[in-house]
Amino acid sequence: MFDKQRYGRLKWACRRGMLELDVLFMPFAETGFLELSEQKQLVFERLLTFDDPDLYAWFMGHQPCEDQEIREMIEHILDRVKV
């Protein structure tokens, strides 16, 4: 599903304006993304469409994410990256 060009765009989208998000997304995109099912890869791609302040609040536990798929992906990334 993710050809080289699409995967490259996804990795570029992992480069955020906040260091706290970069240290989560970049390692995950390099090591964990390709191990995901196709459906989970689409969830991760959708996760990257959210604004940095929302992502920061969700990842740091300041605010709950209402979307269950996104919330599960956040938990998966946090478990995988172990910051």
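1. At 5% relative accessibility, C65 counts as buried, and the same word applies to C14, whose relative accessible area is 0%. In this predicted model, a search of the whole structure finds zero disulfides. The reason lies in the separation of the sulfurs: the cysteine sulfur closest to that of C14 belongs to C65 and is 17 Å away, which is too far for a bond, because a disulfide would need the two sulfur atoms within 2.5 Å. Seen from the other side, the closest cysteine sulfur to C65 is that of C14, again at 17 Å and too far for a bond.

2. The nonpolar interior deserves a point of its own. The largest nonpolar core has 23 residues, and those with the most contacts inside it are F25, F33, F44, L47, F59, M73 and I77. Helix 1, helix 2, helix 3, helix 4 (52-59) and helix 5 (68-81) each supply at least two residues of this core, with helix 2 giving the most, namely five residues. In soluble globular proteins, nonpolar side chains tend to be buried together. As for F59, once neighbours within four places in sequence are left aside, its contacts are L21, L24, F25, L47, I74, I77 and L78.

3. On the aromatic residues, a search of the whole structure finds seven aromatic pairs. One of them joins Y7 and F33 in a stacked arrangement, with 5.7 Å from centre to centre and 15° between the planes. This pair links distant parts of the chain, since Y7 is in helix 1 whereas F33 is in the loop between helix 2 and helix 3 (38-47), 26 residues apart. Both Y7 and F33 are buried.

4. A second aromatic pair, formed by F25 and F44, is edge-to-face, with 6.0 Å between the centres and 80° between the planes. Here too distant parts of the chain are linked, F25 being in helix 2 and F44 in helix 3, 19 residues apart. F25 is buried, with a relative accessible area of 0%, and F44 is likewise buried at 0%. Ring pairs link F2, Y7, F25, F28, F33, F44 and F59 into a cluster. At F2, a charged group is also involved, for the charged end of R6 sits over the ring of F2, 4.2 Å from its centre.

5. Is R16, a charged residue in a loop, buried or exposed? The place of R16 is in the loop between helix 1 (4-13) and helix 2 (19-31), and R16 is buried, because its relative accessible area of 17% falls under the 20% cut-off. The side chain of R16 reaches the backbone oxygen of L48 at 2.9 Å. Apart from neighbours within four places in sequence, R16 is in contact with L21, D22, F25, L48, F50, D51, D52 and L55.

6. D52, one of the contacts of R16, merits inspection in its own right. D52 is placed in helix 4 and is buried, with a relative accessible area of 17%. A polar atom of the D52 side chain lies 3.1 Å from the backbone nitrogen of G17. When neighbours within four places in sequence are left aside, D52 is in contact with R16, G17, M18 and L21.

How values were computed:
Residues numbered from 1 in each chain as written. Predicted model: local features only at pLDDT ≥ 70, side-chain atom pairs only at ≥ 80, totals over all residues. Heavy atoms only, no water. Helix = DSSP H or I, 4+ residues; strand = E, 2+ residues; numbered from the N terminus. Buried < 20%, exposed > 50% of the residue type's maximum accessible area, 1.4 Å probe, protein only. Polar contact = N/O pair within 3.5 Å; in protein donor to acceptor, adjacent residues only side chain to side chain. Contact = heavy atoms within 4.5 Å. Phe/Tyr/Trp six-rings, centres within 6.5 Å; stacked < 30°, edge-to-face > 60°. Lys NZ or Arg CZ within 6 Å of the ring centre and 35° of its normal. Core = buried A, V, L, I, M, F, W, Y, C linked by side-chain atoms within 4.5 Å.
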